[in-house]
Amino acid sequence: IHTEAKTTAAAAVPEPVAQTFNRDAYACVQTEADLDAWISEARLAGVIAVETETDALDSIGAGLVGVSLATGPNRACYIPLAHGGTDLFSDAPKQLALATAIAKLKVLLEDPSVLKVGHNIKYDLNVLERQGIMVAPIDDTMVMSFDLDAGKRNHGMDELALTHFNHACISFKDVCGSGKSQLTFNQVNLTDATRYAAEDADVTLRLWHWLKPRLSAE
């Protein structure tokens, strides 16, 4: 039996490229008209990032506080849904009624023609499923990174943003503090919440565009 050795050229791993992030460009969505506009833009984009913010780390018991979407570089928004004040005397900020936002987001997040990308998206799937949203189709940039670079690094979003884009993300501790004075995300003011949450979606979508071509090549 004749066998022929097959040789394959090693796929070229792209060099890190510094990317510019403009957190001031992120939008806070507080009206139905603005949400409708973002949903229309997302459906036209065809591939979007989606991230959830919650009031706890355990996705099984966490309450939904807000949702962020990204449609392109520096084109991201945060939709606050359950923010209150930092204490009993503070007024809750203006935000969409949860039922209204969920009904509109459900149409987008279940649309089979729009790919939804998340980082460790199983967390977001659990949170959104409890709101009656079955997100599909999906890609997960954490899984993609692990498949490509297992053993080379950790695969958290902050580390990947620094590795691939030379970008330092806002940390959870930056917006919520730490120790006994740590806030839950629903207590964070909307300016800080928008910059943090929308950046997560922005980074996630950029990671998808960075990693996706490597899958078939490698």
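## Exercises on strand order and helix packing

3 bridges join E5 to E6, and these two strands run parallel. The model is predicted: local features need pLDDT of at least 70, side-chain atom pairs count only at pLDDT 80 or more, and totals for chains, interfaces and linings use all residues. Residues are numbered from 1 along each chain as its sequence is written, and side-chain values use heavy atoms, with hydrogens and water left out. Helices (H or I, at least four residues) and strands (E, at least two) are DSSP runs, numbered from the N terminus.

### Exercise 1: the sheet

Task: state the order of the strands in the open sheet and name its edge strands.

Solution.

1. Two strands pair if DSSP finds at least two bridges between them. The open sheet has 6 strands in the order E1-E4-E3-E2-E5-E6, with mixed pairing.
2. E1 and strand E6 (138-140) are the edge strands, and each pairs on one side only.
3. At one edge, strand E1 (residues 27-28) pairs with E4 in the parallel sense over 2 bridges. Ala27 stands opposite Cys77 in E4.
4. Strand E3 (residues 64-72) and E4 run antiparallel and are joined by 6 bridges. Gly72 has Arg75 in E4 as its bridge partner. The two strands form a hairpin with 2 residues between them, and Asn74 in the turn has a positive phi of about 65°.
5. Strand E2 (residues 47-54) pairs with strand E5 (residues 115-118) in the parallel sense over 3 bridges. Val47 is the bridge partner of Leu115 in E5, and Ile48 is that of Lys116.
6. At the other edge, Gly118 stands opposite Asp140 in E6.

### Exercise 2: burial of strands

Task: decide why strand E4 is described as largely enclosed, and say which way the residues of E5 point.

Solution.

1. Buried means under 20% relative accessible area, exposed over 50%, and partly exposed in between (1.4 Å probe, protein chains only).
2. Strand E4 (residues 75-80) has 5 of its 6 residues buried, so the rest of the structure largely encloses it.
3. In E5, Leu115 and Val117 point one way, whereas Lys116 and Gly118 point the other way; all are buried.

### Exercise 3: H1 against H2

Task: classify the packing of H1 with H2 and describe the residues in the contact by class.

Solution.

1. Two packed helices are described by the angle between their axes and the distance between the axes. Axes are lines fitted to C-alpha atoms, for helices over the stretch in contact, and angles run from 0 to 180 degrees between N-to-C directions.
2. The axes of helix H1 (residues 32-45) and helix H2 (residues 98-109) cross at roughly 10° and come within 10 Å.
3. H1 is therefore roughly parallel to H2. Angles under 35 degrees count as roughly parallel, over 145 as roughly antiparallel, 65 to 115 as roughly perpendicular and the rest as oblique.
4. Contact means heavy atoms within 4.5 Å. Residues of H1 including Leu35, Ile39 and Ala42 meet residues of H2 including Ala101, Leu105 and Leu108.
5. The contact of H1 with H2 has 7 nonpolar, 1 polar and 4 charged residues. Ala, Val, Leu, Ile, Met, Phe, Trp, Tyr, Cys and Pro count as nonpolar, Asp, Glu, Lys and Arg as charged, and the others, Gly among them, as polar.

### Exercise 4: H7 and its partners

Task: describe how H5 and H4 cross H7, and decide whether Arg206 of H7 is buried or exposed.

Solution.

1. Helix H5 (residues 157-165) packs on helix H7 (residues 190-217) at an angle of about 60°, with the axes 10 Å apart. H5 is therefore oblique to H7.
2. The crossing of H5 and H7 is left-handed: the near helix is turned anticlockwise from the far one by less than a right angle, whereas clockwise would be right-handed.
3. The residues in the contact of H5 with H7 divide into 8 nonpolar, 2 polar and 3 charged.
4. The axes of helix H4 (residues 141-149) and H7 come within 10 Å and cross at roughly 35°. This crossing of H4 and H7 is left-handed.
5. The contact of H4 with H7 has 6 nonpolar, 3 polar and 3 charged residues.
6. Arg206 lies in helix H7. Arg206 counts as buried because its relative accessibility is 6%.
7. Leaving aside neighbours within four places in sequence, Arg206 is in contact with Gln19, Thr20, Phe21, Pro73, Asn74 and Phe165.
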